[in-house]
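Colleague: Could you take me through a few local features of the model shown here?

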Amino acid sequence: MAAVAGWLRRAWAHDLAWSFRRSPVTILAAFLTLVCVGSAVFAPWVAPHSPFDSATLNLSDGFTPPSWTEKGSSKYLLGTDDQGRDVLSTIMYGARISLGVGLAAVLFSATLGVSLGLLSGYLGGRLDAFIMRVADIQLSFPAILIALLIDGMTRIALPRDMHDQLAVYVLVLAIGVSGWVQYARTVRGSTLVEKNKEYVQAARVIGRHPLAILLHHVLPNVTGPVLVIATIHIATAIITEATLSFLGVGVPPTQPSLGTLIRVGNDFLFSGEWWITVFPGAALIVLVLSVNLLGDWLRDALNPKLR
Amino acid sequence: MKLRHLLAAALIAGCATTQAATLKWGAQNDILTLDPHSQNHATTHGILQHTYEGLVRYTKDFQVEPSLATSWQLISPTQVRFILRKGVKFHDGSPFTADDVVFSYGRIIQPQGTNQIYVSGVKEVKKIDDHTVDLILSGPNPVLLRLLVDFRIMNRAWSVKNKSENVQNYVAKEESYASRNANGTGPYLIKLWEPDKRIVFAANPAWWDKLQGNATEVIYTPIKADATRIAALLSGDVDIVTDLPTQDVQRLRNEPKLKVLDGHEVRTIFIGMDQFSPELKYSSVKGKNPFKDMRVRKALNLAVDREAIKRVTMRGLSIPAAIMVAPGVHGHTPDIDKVSPADVEGAKKLLAEAGYPNGFDFGLDCPNNRYVNDEEICQALVGMWARIGLKAKLNAQPMATFIQKIQKFDHDAYMLGWGVATFDGLYTLQSLMRTKTTGADGSFNLGRISDAKLDSLIDAMKTETDVKKRDAMLREALVATRDNYYYVPLHHQLRPWAMKKNVSTVHKADDRPESRFARID
C-alpha cells in the first residue's frame, strides 16, 4: 500500500514537473512567489531596516523619496513613510502578515469546507440538505460582506484593547468562514461519486467505521480539486484581507499588512508622496498575480481533460 | 492726475461694497445645534457668532470692542454697568432691551448647557432701565469682558413664544424650537440648516453695524473627508476651506487659482503626565511613580525633537513650544517661549541619575481625530522616547472615548491641546496647573499637579486688577510651569485657510472665520 502510494506520488510529481517545465509563465510566477514568500518569511533577517522598532526610527528621515529620485537617499531604496520607516522593509513585514493571514484563512476554510463537504456527501439526508442550504444562503452574499459582519460583531463583543491584540485571528476567522462554501460543494460532489464506488462499498462491507472510510478512502481521492481551489483561494484571501485592512477594519497600523500600508499611504497620494502607497500596492499585485498564475497552472495540470 | 486716481479708487471701492456676492465656505464639521447656550463647541460657536451677538465682541486682533453694549464702567470692583445699544432689532423685528440680557443670563446658567463658563464669576444680572444692566460679580474679574464675548443674547419674547425658555438638553437628544431656528441680532440671518449638508445665511439688512466685506449670502458646507474637501475647493465648488489637511497645504500654495492665508491658532498641543498616583497604571516601574521625579519629566522634554515634528509631521505648520500658551495669548512673550534643541545624551544622563539607566515602559493615550495629525505626532514621540530607553505604549482612540478615559485619570501620560477662548494666560493656568477642585480650578489638570506656589499665584491673578502686577504674576507662573517640567509642551498649532484668489478675509486666531470680513471680487 505504502509503496503504491509512494509510486503514485512520484509519478504525479513527475507529470506536474513536466508541465511546469513547459510553461515559462508558470516558472516566472513560481519565481516571483518564491521571492515574495522568501522575503516575507525571512523579513527579520533580510529587511534592510526594522521598521517597527521605534528606537531605530528617525523622524527626520520622514518622507524621503525613493533612492533613484533627486532627493532620495541610498539608505532607503523605496523611500520612507511619514514616520521615517523604510518602505521596502515595511512591505516585507507587511507581506508577512498578509501571507500569514491568507494562508491561515485558507487552511481554516479548507478544513471547515472539506469536513462539511465530506459529511454532507457521505451521510446525505437532512444533514446534507441543511449544510447545502446554508451554503446557498452564504453564496448569495459577497464574501467581503460576511467578513465585515464577523469583524464588526467581534468589535462590538470585545473591548478595544483586546480586539487590537486579536485582530489577526479575527481576520483569519472572518475570511476563513467567508470562504468554506467552495470547498464544501466541490468535496460533496466528489464524495457523492466516490461513495458508490466498489472500494468504498468493500470497506463498508468489512465493517470499517464510517469516519475511517471518510478519512482513509474518500478523502485522498477528493484532494485534487481541493488543492486547486486552495491555491486560488490564497490569492482571494490575501485580496480580502487587503480590502478589509484598506477599509480600516483589518489589522491595526502597529502590525500593518499590505492593505493597511496602502490605506495609510493613500493619505499622502495627492500631496506628492506617491511611493508610500504605490509600492505596497505593486507588491500586492505581484504577489496575488503570481499566486493566481500558479493556481491556474495547477488546475490545468491536474485536469486530464485539458491536456 | 492725483484727483483722477482718487476718484477712480473711490469709484472702485464704491462699486465693490455695493456688489452683492455669495461666499461658499467648506469646513470639516457640522454644528451641533442652533441653540447658542447649549454646546460649548468650537464649530458651533464659529457659526452662531454670525447670528447671535454678545454684549462685547473681538476686533480683528482680539481686542474687546463694544457690540450690543456701547460702553461699560466699574461702579465697584464687583459691579459693572453696561449701557446697551439703542435701536437694535432682532431678526424677527422685536427690539433688543435689558430684559433680553437678564433672560439670556438666566438661560445660559441652566445646568443642562455647557456654556456657563462664559458668565463665570457673574452672580447676578440686574436690569436698571430698558437700556442699562448691572453685572454683579462674586469678586473682581480682570478677564470678565473676554469671557462675555461668547455669552450670546437671545430674545426673551421669541423664546417664550416658541417654548424655548430652557436650554436644549443636547446629551438627552432633546430638540427645541431654538435648537432648530435662530433669532439673533447679528450680521447674518440663518435661512436654512440641513444637518450635515449645509447652512445658508443671508446678510441682515437691519444690522446696527456695516459688513466690512460684500458677502451678502454665505453657504456653509461641512465636508468630512479631507480629500473631498480639498477637491471641492480645487474644482471651484467652494470659495474658502478651513480645516486644511497639512499634507495638502503645500500643493494648495502652488495652485495658481488659490491662495493660502496663514495664521496661528491660540492652541497649544502638549503631553501631560500623571504626577499624583503612587504607582503608574501601565508602567513596568512598580511601587513608585517615575513622573513625580523632575529629572524624568525633564528627560521626556529633552528627548522631543520639536523641529523634526514641525518639519516632517506638521509640514511646517506649527510653532515649537516651550511654554503652555500660544503667541497671541496674553502672557505669552517670545523670550520665555524659546525651545532648546533635542538632547538625547542629556536626557539619558538624567534618566540614569533618576535611577532608570535602562528606561522603563509607560502608557501613552492619544486622541486620533481631534488635533492636527494627533496620532502621527504620538507615533513620532514613541520613536523619540525609545531613543532614550523609554518605551511608550501608544493607545490612540477617537476623542469621545479618549476624553472619558483620561478624565477618569486612567492614564500614565496623555496628549491634549488647550485653546484659550479668553486670550488670557490665566485660562490655561487655572484649568491645567491649579490644584484640582470640583469646580473650574484644575478642571483639566489631569496629571493632578499640585504646587502650592503656583496655586497662590493663580488665585491671586484671578482678582488682581493692577495690570503690571498681574502680568508679572502671569509670567512667573508660566515660567515656573516650564522650569518644573510639569508638562511636555509640543507646539502651537498653525491653522491656514485656503481660498480662491478673488476671496479675501481676516484670519482669526480662534480658527473661527467671520463672514462679515469676507469679500469676493
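Colleague: Which handedness, left-handed or right-handed, does the crossing of α10(B) and α12(B) have?

Modeller: This is a predicted model, in which local features need pLDDT of at least 70 and side-chain atom pairs count only at pLDDT 80 or more, while totals for chains, interfaces and linings use all residues. Residues are numbered from 1 along each chain as its sequence is written, chains are lettered from A and ligands numbered from 1 in the order in which they are written, and side-chain values use heavy atoms, with hydrogens and water left out. Helix α10 (residues 306–313) and helix α12 (residues 374–386), both of chain B, pack with axes 11 Å apart at an angle of about 140°, which makes α10(B) oblique to α12(B) (neither under 35 degrees, nor over 145, nor 65 to 115). With a crossing counted as left-handed if the near helix is turned anticlockwise from the far one by less than a right angle, and as the opposite hand if clockwise, this one is right-handed.

Colleague: How many residues of the contact of α10(B) with α12(B) are nonpolar?

Modeller: Contact means heavy atoms within 4.5 Å, and B:Ala308, B:Ile309 and B:Thr313 of α10(B) meet B:Glu376, B:Ile377, B:Ala380, B:Leu381 and B:Met384 of α12(B). Of these residues one is polar and one charged, and the nonpolar ones number six.

Colleague: Which residue of β17(B) is the bridge partner of B:Thr268?

Modeller: Strand β13 (residues 264–273) of chain B runs antiparallel to β17(B), joined to β17(B) by seven bridges, where pairing needs at least two. In β17(B), the partner of B:Thr268 is B:Trp418.

Methods
Helix = DSSP H or I, 4+ residues; strand = E, 2+ residues; numbered from the N terminus. Axes fitted to C-alpha atoms, helices over the stretch in contact; angles between N-to-C directions. Nonpolar A, V, L, I, M, F, W, Y, C, P; charged D, E, K, R; others polar.
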